[in-house]
Amino acid sequence: MSALLGFSCLFVGLVIVNAVYSYQSKHIDPAFGSTFLFQLKMLPLFLPANLLIGYGVRWVQQSFGQLTTALVSAKIVELLVCLLMGYMFMQEMPTWKTWVGLLIIIGGFILMKWK
């Protein structure tokens, strides 16, 4: 149960953070002033996102028993969220090379956990 809760927290926290940066890259002028004002307005979103990510890593670590496993699996979730944000904000469709690369990373994760 804690693994499911952990991955859910990780997913939501990473979606918040990546959505802010994706929106910024698409809709905010890259000049320092407008970027600074946008980031200032988004600060209240980063506290809950960081808490969700932190607790997500903690709960995944508790369920798997290793911090390395929790952090590597969090990176896999982050890569999936990045693919989602690329599609949502930039209409970038992942190619077969993207999926092969992701499968290689997941294969490395499985190899790392193989006893």
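Let me begin with a definition: a salt bridge here is a side-chain nitrogen of Lys or Arg within 4 Å of a carboxyl oxygen of Asp or Glu. Keep that in mind while I go through this structure, which is a predicted model, and I will come back to the one place where the rule is met.

First, the confidence. The chain averages a pLDDT of 92, and 100% of the residues score at least 70. Among the elements, helix α2, residues 32–64, has the highest mean pLDDT, at 95, whereas helix α4, residues 96–113, has the lowest, at 89.

Now the overall layout. The secondary structure comes to four helices and zero strands, and if you read along the sequence you follow the pattern α-α-α-α. The C-alpha trace spans about 50 × 35 × 20 Å along its principal axes. Of the 115 residues of the chain, 27% count as buried, and when we take the contacts between residues at least 6 apart in sequence, 71% of them join residues at least 24 apart.

Let me return to the salt bridge. By the rule I gave at the start, the count comes to one, and the partners are K75 and E78, whose closest N and O atoms are 3.3 Å apart. That distance falls within the 4 Å limit, so the pair qualifies. Both residues lie in helix α3, three residues apart, which is about one turn of the helix. How exposed is each partner, in relative accessible area? K75 counts as exposed because its relative accessibility is 52% and the cut-off is over 50%, while E78, with a relative accessible area of 24%, is partly exposed.

Finally, the surface. The chain exposes about 7700 Å², and carbon and sulfur atoms supply 73% of that area. Which residues make the nonpolar surface patch of about 580 Å²? They are F11, V12, L84, Y87, M88 and M93. The elements that give two or more residues to this patch are α1, residues 2–27, and α3, residues 67–90, and α3 gives the most, with three residues. Helix α3 therefore appears in both parts of this talk, since K75 and E78 lie in it and it also contributes to the patch. M93, by contrast, has its place in the loop between α3 and α4. With a relative accessible area of 59%, M93 is exposed, so it passes the patch requirement of over 30% relative accessible area.

Notes:
Residues numbered from 1 in each chain as written. Predicted model: local features only at pLDDT ≥ 70, side-chain atom pairs only at ≥ 80, totals over all residues. Heavy atoms only, no water. pLDDT = per-residue confidence, 0-100. Patch = residues over 30% accessible without salt bridge, like charges linked within 9 Å, V, L, I, M, F, W, Y side chains within 5 Å. Areas by Shrake-Rupley, 256 points an atom, 1.4 Å probe, with all protein chains shown as cover. Buried < 20%, exposed > 50% of the residue type's maximum accessible area, 1.4 Å probe, protein only. Contact = heavy atoms within 4.5 Å.
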